[in-house]
Amino acid sequence: MKIRTEQLNPLVGDLSGNRRLILESLDRAESGEVDLLVLPEMVTAGYPPMDLLERRAFVEELQSVNRDIVSRSGKTALLFGTVTRNRTGVGRSIFNSAILARGGKELGRTHKTLLPTYDVFDDLRYFEPGTESRCLVLDDVRLGVTICEDLWYNHNEIQYHYYDSDPASLLKADGARILINISASPFTRSKHENRLSMLRHHASTLSLPLVYSNQVGANTELIFDGDSLALDDKGDPVALVPPFEPGYADLVWEVESGSIRTDGNEGAELKTARTKGPLERGDDIRLSRVFRAICLGLRDYLAKSGAADRVIVGLSGGIDSAIIAALAVESLGADRVSGVTMPGEFSSRGSVKDSETLAENLGIMLEHLPINELYTSALGCLKPLFGDLPFGVAEENLQSRIRGMLLMALSNKRGPLLLTTGNKSEMATGYATLYGDMNGGLNLIGDLYKSEVYALAWWLNEVHYGRPVIPVSTLEKPPSAELRPDQKDSDALPDYSVLDRILYRSIELQQGRNEIVEAGFDRELVEWTLRRVEMNEFKRFQAPPVLKLTSKAFGTGRRHPLVRFVGGEGDHTE
């Protein structure tokens with residue numbers, strides 16, 4: 001049996017466009033004499049459709065799309081993810097389903113049984129869980145079809161809860177000769193290793209070959225890397241589809257013997273996996289994946305939302321705006337990126353020069369908008385109300401808000417999307433200005449800690465570019481907001497190498513203050529850091545979307561109350 005696993009890039013809600021993608025894929029498979037084409041989870045609707053699923057007209061149109069796709073199937077059997085009606089009259093009205101079709105007829109369907117309700121996932125809000133794990137049958141061959149979480153059974157990055165049902169084992173007991181998983185599994189920086197480990201576990205434990213098809217592309221904050229693959233019954237990779245772009249791999253499965261092999265397009269990553277071992281992933285590979293994820297996230301955000309076809313970045317001479325500009329150029333091209341430098345009273349000449357050098361290295365237009373006159377005028381306007389109160393955060397933030405106002409004015413007048421520049425360390429501790437440097441339509445690095453921003457910048461220079469495109473002076477000078485004389489981030493924040501490790505333990509590992517202290521961190525510093533995180537939830541609530549790169553990003557997957565008890569040592573926040 002010739003099997004093709006293909007990763008497509010659907011647009012959420014574009015039922016007509018997604019149907020076209022599916023039918024084009026089916027035509028290619030027919031031309032390639034493929035016996036079975038495997039497409040991702042909910043490929044008809046795009047994932048995640050969220051509350052579109054509450055619209056009856058949307059769900060009804062999906063049923064029409066399902067029928068049309070089935071009717072157009074020919075010699076090649078098609079397995080695709082979609083939404084189907086629950087006709088039992090009990091429970092929620094729809095299922096997250098996979099349909100198997102061939103020759104214009106539906107051969108069978110199965111429903112997702114394990115519905116995740118953690119982080120960004122909210123399947124139980126919409127879907128009724130399937131109650132059976134039964135094989136689908138193609139030419140008397142039993143296929144063990146699972147949908148995303150069904151195969152992640154108790155193998156997730158962070159274990160929120162444990163399932164008492166193992167669909168893969170149940171399918172094996174039902175006579176499955178092969179495991180097939182269709183997914184819409186979002187990228188995180190550790191997802192590749194965790195996913196591969198999980199898939200290898202199932203294939204080797206159950207002694208079954210495994211074919212995996214995952215959505216690719218970005219939808220708002222979620223980035224889907226694809227990473228579709230096939231494993232033999234020992235869990236060894238047979239084919240890997242290159243991540244972060246649409247593509248497919250063809251496989252030949254000897255049904256009787258159970259052996260599975262590639263049909264010629266194994267890809268460079270599989271060759272690397274075979275020579276180095278698929279779980280040996282160095283820092284360069286991880287940074288490369290983060291880089292490619294961000295680029296895909298920005299490209300698809302613009303292309304799919306229609307918000308703009310180009311972007312604008314406020315360049316301060318600091319590391320964050322520098323890497324945002326570099327990522328934007330790598331995503332879109334220099335002709336679709338422009339920068340603005342807005343020196344003020346406390347801006348150093350070095351920072352302006354660094355912005356100019358960066359713009360020249362990237363080949364982007366740079367415009368100068370000094371803010372001294374506006375700042376002086378605003379202070380004069382406020383003087384009768386400020387009186388003799390000392391210079392403080394109000395005067396500092398006023399500069400940031402003037403810059404934010406000017407950037408938004410340029411965005412409104414000329415049409416580019418403004419990219420905001422706050423990193424995860426700043427967003428966590430509130431070291432960012434509402435209606436100032438937090439202005440913008442999308443945040444590319446809001447899920448990277450400051451130390452990770454530096455690591456990515458060094459990687460760009462040393463590995464990706466092979467030369468210092470981001471000025472070395474930007475990388476080596478102490479970070480500063482430059483909103484008062486001789487200001488440095490270290491005046492207000494702990495060293496990032498320490499701060500980021502505390503934040504990581506709290507946000508991503510979800511450890512309490514006592515656990516973090518027991519790991520060797522100073523209690524007073526831990527208390528201060530966690531209190532800052534708690535007190536600045538209101539800022540993050542108003543922030544632009546952040547591309548999700550970790551297991552716990554600031555976005556839809558992190559839902560903390562704005563009004564809550566902000567405690568101290570020994571309270572219930574542990």
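The legends below describe several close-up views of a predicted model.

**View 1. The whole chain, with its overall dimensions and its helices and strands.**
In this predicted model, the chain contains 17 helices and 20 strands. Its C-alpha atoms fill a box of roughly 85 × 55 × 50 Å when the box is taken along the principal axes. A compact globule of 574 residues would have a radius of gyration near 25 Å, and because the chain has 26 Å, the value agrees with that expectation.

**View 2. The open sheet of seven strands that includes E1 and E14.**
Seven strands make up this open sheet, and they follow the order E5-E4-E3-E2-E1-E14-E15, with mixed pairing. The edges are taken by E5 and by strand E15 (260-262), each of which pairs on one side only. From one strand to the next, the twist averages 30°. Within the sheet, strand E1 (residues 2-7) and strand E14 (residues 247-253) run antiparallel and are joined by six bridges. A reader who wishes to locate this pairing can begin at Gln7, which stands opposite Gly247 in E14.

**View 3. The open sheet of six strands that includes E7 and E8.**
Another open sheet is formed by six strands in the order E6-E7-E8-E9-E12-E13, and here too the pairing is mixed. Strand E6 (136-138) and strand E13 (237-240) stand at the edges and have a single partner strand each, so one side of each is left without a neighbour in the sheet. Neighbouring strands of this sheet are turned against each other by 20° on average, with direction ignored. E7 and strand E8 (residues 178-183) run parallel and are joined by five bridges. Gly144 can serve as a landmark for this pairing, since its bridge partner in E8 is Leu179.

**View 4. The loop between E6 and E7, with two successive aspartates.**
Asp139 lies in the loop between E6 and E7, and it has a positive phi of about 50° although it is not a glycine. Asp140 belongs to the loop between E6 and E7 as well, and its phi is also positive, at about 65°, although Asp140 is not a glycine either.

**View 5. The cis peptide bond between Tyr47 and Pro48.**
The peptide bond that joins Tyr47 and Pro48 is cis, with an omega of about 5°. Pro48 is found in the loop that lies between strand E2 (36-38) and helix H2 (56-72).

**View 6. Helix H10 and the glycine that follows it.**
Helix H10 covers residues 393-414, and at 1.5 Å a residue its 22 residues should span 32 Å; the C-alpha atoms at its ends are 31 Å apart, which agrees. Just after H10 comes Gly415, which takes a positive phi of about 100°.

**View 7. The largest cavity and the residues closest to its centre.**
The structure holds four cavities of 30 Å³ or more, and the largest cavity has a volume of about 240 Å³. It is lined by 19 residues, of which Tyr118, Phe121, Asn156, Glu157 and Lys191 are the closest to its centre. Sorted by class, the lining of the largest cavity comprises nine nonpolar, four polar and six charged residues.

**View 8. The second largest cavity and the elements around it.**
The second largest cavity has a volume of about 50 Å³. Its lining consists of Thr110, His111, Thr113, Glu132, Ser133, Arg134, Val145, Thr146, Asp150, Pro167 and Leu171. Strand E5 (105-111), strand E7 (141-147) and helix H3 (167-173) are the elements that give two or more residues to this lining. By class, the residues that line the second largest cavity divide into three nonpolar, five polar and three charged. Two of the elements named here also appear in earlier views, for E5 is an edge strand of the seven-stranded sheet, while E7 stands between E6 and E8 in the order of the six-stranded sheet.

Notes:
Residues numbered from 1 in each chain as written. Predicted model: local features only at pLDDT ≥ 70, side-chain atom pairs only at ≥ 80, totals over all residues. Heavy atoms only, no water. 1 Å grid on protein atoms, 1.4 Å probe; cavity = no way out; pocket = protein on both sides within 12 Å on 5 of 7 lines; lining within 4 Å. Points joined across faces, edges and corners; volume = space filled by probe spheres on them. Nonpolar A, V, L, I, M, F, W, Y, C, P; charged D, E, K, R; others polar. Helix = DSSP H or I, 4+ residues; strand = E, 2+ residues; numbered from the N terminus. Expected span 1.5 Å × (residues − 1). Pairing = 2+ DSSP bridges. Axes fitted to C-alpha atoms, helices over the stretch in contact; angles between N-to-C directions. Rg over C-alpha atoms; globule rule 2.2 N^0.38 Å.
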